[in-house]
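Me: I'm new to this one and I'd like to know what sits behind the labels people put on it. Could you take me through them, one at a time?

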Amino acid sequence: MQHLEGLNDKQKEAVLTIKGPLLILAGAGAGKTKTLTHRIAHIVHEGVSPSQVLAVTFTNKAAKEMRDRVSTLLEHDNLMGRGLPFVSTFHSLGVKMIKDHPSVFNTKKHFSILDQKDALRLIKASLVDSGFDPKEFEPKKAMGIISRQKGLGNTVEEMRGNVQSAVEELIVEVWDKYEKKKKKEDAFDFDDLLLLPMRALEENKVLRDFYRKKWTYVHIDEYQDTNEVQYRMVLSLIGPDKNICVVGDGDQNIYSWRGANLKNILNFEHDFSGAKTVLLEQNYRSTKNILSAANNVIEKNTKRKKKTLFTKNKEGELIHYYTARNEWDEASFVGETIQKLIEEGATPKDFAILYRANFQSRILEEAMLSSSIPYTVLGVKFFDRKEVKDVLSYIKAGLNKDSLSDVARIINFPKRGIGKVTIAKLFAGDGDSLPVKTQIKIKDFYNTLGKIGEAAENLEPSAAVLLAIQKSGIENEYKTGGTEEDFERLENIKELITFAKKYDEIEDGLSLMLEEAALASDQDTLTLEEKQSKDAVKMMTVHASKGLEFPHVFIVGLEQDLFPHRRGDSQTIEESEEERRLFYVALTRGEQKVYLSRAVMRTIFGETKLQYPSEFISDIPEELLDATEYEETYISSNKKDSGGDSFFDSVVYLD
């Protein structure tokens, strides 16, 4: 029974506990995914049908890893013939429910999922329709307020009943028009994929009983990251047997700004009486010194379930703490240190540079360029690239011609001589008033969509993508363009065909492919880069690094009010403790060596200020730190002009 092999005592305890509510508090690098997948395999081994097991996580990357591991375990124990559990993200779970019960959600088979940019476009149009100037009231602000309301489980009708200000009145009016525009396109935004299934589960007993009977064993990964809607969705899915297992770590709750509620994991034993708790404290990732620093930092927090990470790994090197003269000196230190280690045998992909705020990346990028070190900046998603979105829009519009967001995107790309005025008349139902030549162009466009839609319905996903690239004219557009950018875009759409191939043998594969593309996270993009063997230093915010690990980790900008970040004059205890959790997450990304750095002087928003050391530095015992200060050696590299063509050769482009 492979699923019981290679587990430590606590992991095995969690795996063997399959009845009733179970809380697995898993510290960073403690093998939570291994424990979760082995537990699922054990449930199946005990005679439960795989189709009765549900596992939900937050990213496609995590879901795929979990699915692959479960498949391997079941195959090894000759249990693959019984099928596989349903493993997905929360958003994919919502999509499945909508697809399984279209009548409940008043939709069609091929509905559209709006990405952030498409949703913002509809919000902006709704503002204009309401008589407001988008320059005076930012569409992003309106979208943020609407998203927060949905994240709390509210609808526009409920907000209308509790309006307390002129701004809220504006939001209700815009939100109402936004919902109508989505309805017209048969489209859902990301928040809808959670809110609508949650409301349906709570209000529709038949639907709720259907899923409780379907999934009698429920697993939730990263439970500390669940928001109000996800939390209520989970409660609705749990039947009377209360066979729920949640895995999480309150010390890694760092997403309150997008609704994650720490109380969900802290109150689990209250929500499910008789719950068993298992602590996974043995870390398999980091050295003793890194863990000792992390433990000392996080124990200062009061709103947590106590646990202390330990490891059987080696003591490891001390944590290097560098005090830089300014941000240029800090960036040079990072670049020259990485360059030296690469010369000694490390590879660029062994390194991660983590920062608290996105603006910090610019100077760090210049340092990488100056040292001719290849790098990628996590944050530009593969599926956000123009050429990729264009191809996907052709396919989506072919399947759902009511998706005006997709039609508007592609109707004049490649150029057909169809302008904005023409599109406005067409969408207003006034197409008959257009010139005959224009009507012919529009008819040809919709004929092309018809052919692509037919291919999408009948061909394998990879073949459908290829046909869309060819029939749309996109392939010819980039082939004849002749520029380096055109060539790169052509390479990206070819990569989209490769991506589609993995869905060729899956039932309803194209639909699943479109769903995954719509819901892809930054880390999923990182996975695509790894498949393309891009050996480059990874640069990202600490928030984006969660779940990742690297041999060498640089944590920069450790200055008071930058990290920990402070937005106003005061900071609540909850905000302060979340910043500490964020630093804890950053430290525990490191496997072998962690570098900390700060600048004595830093220019932020054009103003140069004296910076004080982050309070987090004083939380780490001095004996764990190898502290050095700026020297002229590092100042020599503070040049804005790198010189030479190699300046650009060292970049791995994401867009």
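Reply: Sure, let's begin with residue classes: Ala, Val, Leu, Ile, Met, Phe, Trp, Tyr, Cys and Pro count as nonpolar, Asp, Glu, Lys and Arg as charged, and the others, Gly among them, as polar. Under that scheme, the lining of the largest cavity divides into six nonpolar, four polar and four charged residues. Bear in mind that this is a predicted model, where local features need pLDDT of at least 70 and side-chain atom pairs count only at pLDDT 80 or more, while totals for chains, interfaces and linings use all residues. Residues are numbered from 1 along each chain as its sequence is written, and side-chain values use heavy atoms, with hydrogens and water left out.

Me: What makes something a cavity, and how many cavities of 30 Å³ or more are there?
Reply: On a 1 Å grid over the protein atoms alone, a cavity is a set of points where a 1.4 Å probe fits but cannot get out, and lining residues have an atom within 4 Å of a point. Grid points are joined across faces, edges and corners, and a volume is the space filled by probe spheres set on the points. The structure has four cavities of 30 Å³ or more, and the largest has a volume of about 200 Å³. Of its 14 lining residues, the closest to the centre are Phe-111, Ser-112, Lys-396, Ser-511 and Leu-514.

Me: Which helix gives the largest share of that lining?
Reply: That's α24, with four residues. Helices here are DSSP runs (H or I, at least four residues), numbered from the N terminus.

Me: What is the make-up of the second largest cavity's lining, by class?
Reply: Three nonpolar, one polar and five charged residues. Among the residues there are Asp-249, Asp-251, Arg-304, Lys-305 and Lys-307. The volume of this second largest cavity is about 60 Å³.

Me: How do you know that α27 is largely enclosed?
Reply: Buried means under 20% relative accessible area, exposed over 50%, and partly exposed in between (1.4 Å probe, protein chains only). In α27, 11 of the 15 residues are buried, so the helix is largely enclosed by the rest of the structure. What covers those buried residues includes α14, β10 and β14.

Me: Why is the Glu-578 and Arg-581 pair called a salt bridge?
Reply: A salt bridge is a side-chain nitrogen of Lys or Arg within 4 Å of a carboxyl oxygen of Asp or Glu. The N to O distance for Glu-578 and Arg-581 is 3.7 Å, so the pair fits the within 4 Å rule. Both lie in helix α27, three residues apart, about one turn of the helix.

Me: Are those two buried or exposed?
Reply: Glu-578 has a relative accessible area of 9%, so it is buried. Arg-581, at 4%, counts as buried as well.

Me: What does the Asp-129 and Lys-181 salt bridge tie together?
Reply: Asp-129 lies in helix α5 and Lys-181 in helix α8, so the pair ties together parts that are 52 residues apart in sequence. Their closest N and O atoms are 2.7 Å apart. Asp-129 has 46% relative accessibility, so it counts as partly exposed; Lys-181, at 22%, is partly exposed too.

Me: How many salt bridges does that rule give?
Reply: The count comes to 50. Lys-32, Asp-221, Glu-222, Asp-225 and Lys-546 are linked in a network of them.

Definitions and conventions: 1 Å grid on protein atoms, 1.4 Å probe; cavity = no way out; pocket = protein on both sides within 12 Å on 5 of 7 lines; lining within 4 Å. Helix = DSSP H or I, 4+ residues; strand = E, 2+ residues; numbered from the N terminus. Contact = heavy atoms within 4.5 Å.
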